[in-house]
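Reader: Hello! Could you take me on a close look at the place where the two domains of this protein meet? I would love one connected account of that interface.

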Amino acid sequence: MSHTLQSVLDAVSHTASQGTLPVVVFDLDSTLFSTRPRNLRILREFAATVPEHKVLQTIVPTLVPDDFAWDVTLPLTQRGLNDAALFKDLAAYWFERFFTDEYVLADTPTLGSVAYAQAVHDRGGFVYYLTGRDVHGMAQGTVAALTNHRFPFWCGRTSLHLKPSFDTDDTEYKREALADIRSHRGNVVATFENEPKNANMFRAAFPQGAHFLLQTEHSPDPETPHADIVEIPDFRLG
Ligand SMILES: [Mg+2]
């Protein structure tokens, strides 16, 4: 039987009723949150700095969050704009803003994600937020985003684990985080990720759990997700 969002909630209830802590691990970017509005905001602000670029000025007002995926230039190239000098400036502008407290506030919750995380918590689950956002540049914005959108927080049985250094490789950092997840001595009932490589790692680490991959976006050159990993578009229970 393959796992579903509902079967995870049932497993959380069952595990808690047995006196064991059910742990559910959630990634943030492109998992609980959509980063597309963040990319749109950055591109809009960048466009305002180059008013003389008429093609960009024509395209940007037509864009909506779902035009974006991994690379902020995608909606531009899809509309026929290929300007290497402009893209170099955009990349620098983007890099200075994307990984900051202020700009993460533009993100919106993935459909159903707030209610789902709350349901996990309500049933006795430990909500473990594990994100590659770095603690120095993004901690305050991340707490504000979680609480503004009413994800479980400040209410016990939650943890927010951020990357200690911006330069650490995300998967390496998440591999090291496995020890912290295990230190709670519960059962990892489920994990949610948008990066196939991380989902595969969680599956190998917690073979008794259910492992989900969000069909949002992921970094280039992805691993093939293991056949056991369940792919979902969002967190709606259906
Ligand atoms: Mg992610």
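Author: Happy to! In this predicted model, domain 1 and domain 2 bury about 1100 Å² between them, and 57% of that area lies on carbon and sulfur atoms. On the domain 1 side, the residues that lose the most area to domain 2 are Ser34, Met138 and Glu217, which together make up 41% of what that side buries.

To place these partners along the chain: domain 1 is made of two segments, 5-34 and 109-232, while domain 2 covers 36-104. Taken over C-alpha atoms, the centres of the two domains are 29 Å apart. Domain 1 brings 18 residues to the contact, and domain 2 brings 12.

Now for the charged and polar pairs. Two salt bridges are found across the interface of domain 1 and domain 2. Glu217, already named for the area it loses to domain 2, also has its side chain in a salt bridge with that of Arg36, at 2.8 Å from N to O. Seven residue pairs are in polar contact across the interface, with both residues at pLDDT 80 or more.

As for secondary structure, β4 (126-134) and α8 (135-148) are the elements that give two or more residues to the side of domain 1 touching domain 2. The largest share of that side comes from α8, with seven residues. By residue type, the domain 1 side holds five nonpolar, eight polar and five charged residues.

Technical notes: Residues are numbered from 1 along each chain as its sequence is written. This is a predicted model: local features need pLDDT of at least 70, side-chain atom pairs count only at pLDDT 80 or more; totals for chains, interfaces and linings use all residues. Side-chain values use heavy atoms; hydrogens and water are left out. Domain bounds come from an automatic or database domain assignment. Contact means heavy atoms within 4.5 Å. Buried area is the accessible area (1.4 Å probe) that two parts lose on being put together, summed over both. A salt bridge is a side-chain nitrogen of Lys or Arg within 4 Å of a carboxyl oxygen of Asp or Glu. A polar contact is a pair of N or O atoms within 3.5 Å; within protein, one must be able to donate a hydrogen and the other to accept it, and residues adjacent in sequence count only if both atoms are side-chain atoms. Helices (H or I, at least four residues) and strands (E, at least two) are DSSP runs, numbered from the N terminus. Ala, Val, Leu, Ile, Met, Phe, Trp, Tyr, Cys and Pro count as nonpolar, Asp, Glu, Lys and Arg as charged, and the others, Gly among them, as polar.
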